[in-house]
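Here is a short set of questions and answers for a first look. Keep the sequence and the 3D view at hand.

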Amino acid sequence: MSLAKELIFSARVLDGQEAKSVGLISHVLEQNQEGDAAYRKALDLAREFLPQGPVAMRVAKLAINQGMEVDLVTGLAIEEACYAQTIPTKDRLEGLLAFKEKRTPRYKGE
């Protein structure tokens, strides 16, 4: 919060390296000849996220978004409630079986 106040009150503009160093962004890229370096990085990240279980990704996003707005105890309760939603899913069982069989899981969002 203190950094947010400092940046807002000062109206300071940060370059990419500064924004990354203070944790406002995750990546800084050199632009490529096509002018789509950020787009390509976004696609790379999407390809990295895609194989993950859709149910787990959905509840993880929910837990993070809601958990950031509350105290630690409430945040942990939110995380626990979100995890509980994954317990009865076929995807969870597929993930465990794939791990046991040392293969890539085939999630279906169920």
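Helices (H or I, at least four residues) and strands (E, at least two) are DSSP runs, numbered from the N terminus. The model shown is predicted.

Q: How many helices and how many strands are there in the protein?
A: Read along the sequence, the pattern is α-α-α-α-α-α. The count is six helices and zero strands.

Q: What is the radius of gyration of the protein, and what does the globule rule give for 110 residues?
A: Start with the box that the C-alpha atoms fill along the principal axes, roughly 50 × 45 × 20 Å. The protein is more spread out than a compact globule, because its radius of gyration is well over the value from the globule rule. The two values are 19 Å and 13 Å.

Q: What percentage of the residues of the protein count as buried?
A: Buried means under 20% relative accessible area. The accessible surface of the protein comes to about 9000 Å², and 59% of that surface belongs to carbon and sulfur atoms. Of the 110 residues, the buried share is 16%.

Q: Is threonine 86 buried or exposed?
A: Threonine 86 lies in helix 5, residues 72-86. The cut-off for buried is under 20% relative accessible area. Threonine 86 has 10%, so it counts as buried.

Q: Which residues does threonine 86 touch, not counting residues up to four places away in sequence?
A: One partner inside that range is tyrosine 83: its backbone oxygen lies 2.6 Å from a polar atom of the threonine 86 side chain. With residues up to four places away set aside, threonine 86 touches Val55, Ala56, Val59 and Arg92.

Q: Which residues is arginine 40 in contact with, leaving aside its neighbours within four places in sequence?
A: Arginine 40 is found in helix 3, residues 37-49. Its relative accessible area is 43%, so arginine 40 is partly exposed. Its contacts beyond those neighbours are Asn32 and Glu34.

Q: What distance separates the C-alpha atoms of arginine 40 and glutamate 94?
A: Along the chain, these two residues are 54 residues apart. In space, their C-alpha atoms are separated by 31 Å.

Q: Which residues form a nonpolar patch on the surface?
A: Take valine 28 first, in the loop between helix 2 (16-21) and helix 3. At 33% relative accessibility, valine 28 counts as partly exposed. The patch has about 290 Å² of accessible area together, and its members are Val22, Leu24, Ile25 and Val28.

Definitions and conventions
Residues numbered from 1 in each chain as written. Predicted model: local features only at pLDDT ≥ 70, side-chain atom pairs only at ≥ 80, totals over all residues. Heavy atoms only, no water. Buried < 20%, exposed > 50% of the residue type's maximum accessible area, 1.4 Å probe, protein only. Polar contact = N/O pair within 3.5 Å; in protein donor to acceptor, adjacent residues only side chain to side chain. Contact = heavy atoms within 4.5 Å. Patch = residues over 30% accessible without salt bridge, like charges linked within 9 Å, V, L, I, M, F, W, Y side chains within 5 Å. Areas by Shrake-Rupley, 256 points an atom, 1.4 Å probe, with all protein chains shown as cover. Salt bridge = Lys/Arg side-chain N within 4 Å of Asp/Glu carboxyl O. Rg over C-alpha atoms; globule rule 2.2 N^0.38 Å.
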